[in-house]
Amino acid sequence: MTIPLRLRDLKAAALAVVLCLPGAARAAGDLDALLVALQMGETAALMREEGLRHAEGLVSDYTGEPAGAGWTALVGRIYDQAAIETVIAQDMAAALEGQDLGPMLAFFESARGQRIVTLELAARRALMAEGAEEAAILRYELAEEDGKEIAAQVQQLMADSDLVERNVSGMLNANLMFLRGLASGGSYDDSEEAMIRDVWAQEEDIRLDTLGWLGGYLMLAYEPLPPGDLDAYIAFWQGAPGQALNAALFETFNGLYDLHSFLLGRGLAEFVRSEEL
């Protein structure tokens, strides 16, 4: 569930109270260590870069004109890295409350875990290059056709963590939040029901795109792994700690994407209106 902006300060205050309870300091330390092991600082930097790249084309799509300094400053505030890191820390703390973080730390602080996280982030960054996404998808499709083990392992990972459905649902919700943002800024006049219809009309295309993108991305990330590492990773996500972490990650990042999408839609609407005056 996305937390409205006006409630985020209340949530932060509540979190501060929780961290003062007995045993909470140790739990907070474990969470901090887990966020470091998952390299969330680099993840936040990538989210910012991806968001800025996405936002850059929105103004020209809507107005036919290139983005100027005003738009660049606005989206820079939306995708502020320090704010992203703060929300990640707060929302992960809430999503993992009561969970035993020990098994998660044991895996991701290990050499194997760090190798995997580093490869995931490197693959995500590599896909920003022109033509890289198409090449990765094609490579995955060829591996699938040839019956390569890496393709089967990637499919196992997608199935165990319900990656396709979770990503499709997240993208549909983010698109709806973008339309709500446009409406909030006065640039979308249709009803809520019309917004939902517009979003659901995209479901099939989003699902197909998600299947291809996930396959290409995961194979790009995991193909360099030494033998056995990917099997161990699959086993981690199949267990209770992996399932809890998977749910927490999706809850956290879907909330962020929803928030950013709403702010981007509202900001775009207000920017276009100001340019028309």
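This is a tour of a predicted model, stop by stop, with what to select at each point.

**The whole chain**

Start with the full protein in a cartoon view. The count is 14 helices and 0 strands, so a colouring by secondary structure shows the pattern α-α-α-α-α-α-α-α-α-α-α-α-α-α along the sequence. Switch to a surface view next. The accessible surface of the protein comes to about 14300 Å², and carbon and sulfur atoms hold 55% of that. Of the 277 residues, 42% count as buried. Contacts can be drawn as lines at this stage: among those between residues at least 6 apart in sequence, 83% join residues at least 24 apart.

**Histidine 260**

Select residue 260. This histidine is found in helix H14, which covers residues 240–276. Is histidine 260 buried or exposed? Its relative accessibility is 4%, and because buried means under 20%, histidine 260 counts as buried. Now add its neighbours to the selection. Leaving aside residues up to four places away in sequence, histidine 260 touches Met47, Ile78, Tyr79 and Ile84.

**Aspartate 229 and arginine 115**

Turn to the salt bridges. A search of the whole structure finds 9 of them. One joins aspartate 229 to arginine 115, with the closest N and O atoms 2.7 Å apart. Aspartate 229 is in helix H13 (residues 229–238) and arginine 115 in helix H7 (residues 111–126), so this pair ties together parts that are 114 residues apart in sequence. Colour the two residues by accessibility. Aspartate 229 has 3% relative accessibility and counts as buried, whereas arginine 115, with a relative accessible area of 34%, is partly exposed.

**Glutamate 165 and arginine 207**

Select residues 165 and 207 next. Glutamate 165 forms a salt bridge with arginine 207, and the closest N and O atoms are 2.3 Å apart. Which helices does this pair tie together? Glutamate 165 lies in helix H10 (residues 163–184) and arginine 207 in helix H12, so parts 42 residues apart in sequence are tied together. Glutamate 165 counts as partly exposed at 39% relative accessibility. Arginine 207 also counts as partly exposed, at 22%, a value to be read against the 20% below which a residue is called buried.

**Glutamate 192 and arginine 180**

Stay with helix H10 and select arginine 180 together with glutamate 192. These two residues form a salt bridge in which the closest N and O atoms are 2.3 Å apart. The pair links distant parts of the chain, with glutamate 192 in helix H11 and arginine 180 in helix H10, 12 residues apart. Helix H11 covers residues 192–200. Each partner is partly exposed: glutamate 192 at 30% relative accessibility, and arginine 180 with a relative accessible area of 30%.

Which residues does glutamate 192 touch, not counting those up to four places away in sequence? They are Leu176 and Arg180. For a distance check, pick the C-alpha atoms of glutamate 192 and leucine 179: they are 9.2 Å apart in space, and the residues are 13 apart in sequence.

**A salt-bridge network**

Select Glu42, Glu49 and Arg125. These residues are linked in a network of salt bridges.

**The negative patch**

Return to the surface view and select Glu130, Glu133, Glu134, Glu204, Asp205 and Asp209, which form a negative surface patch. Helix H8 (132–145) and helix H12 (203–222) are the elements that give two or more residues to this patch. H12 gives the most, with 3 residues. Among the patch residues, glutamate 204 lies in helix H12. Glutamate 204 has a relative accessible area of 59% and is exposed.

**Two loop residues with positive phi**

End with the backbone. Select residue 39, a glutamine in the loop between helix H2 (24–37) and helix H3 (40–63). Phi of glutamine 39 is near 55°, a positive value in a residue other than glycine. Then select residue 162, an aspartate in the loop between helix H9 (149–160) and H10. Aspartate 162 has a positive phi of about 55° although it is not a glycine. At 37% relative accessibility, aspartate 162 counts as partly exposed.

Terms used:
Residues numbered from 1 in each chain as written. Predicted model: local features only at pLDDT ≥ 70, side-chain atom pairs only at ≥ 80, totals over all residues. Heavy atoms only, no water. Helix = DSSP H or I, 4+ residues; strand = E, 2+ residues; numbered from the N terminus. Buried < 20%, exposed > 50% of the residue type's maximum accessible area, 1.4 Å probe, protein only. Contact = heavy atoms within 4.5 Å. Areas by Shrake-Rupley, 256 points an atom, 1.4 Å probe, with all protein chains shown as cover. Patch = residues over 30% accessible without salt bridge, like charges linked within 9 Å, V, L, I, M, F, W, Y side chains within 5 Å. Salt bridge = Lys/Arg side-chain N within 4 Å of Asp/Glu carboxyl O. Lys, Arg positive; Asp, Glu negative; His and termini not counted. Charge placed at Lys NZ, Arg CZ, Asp CG, Glu CD.
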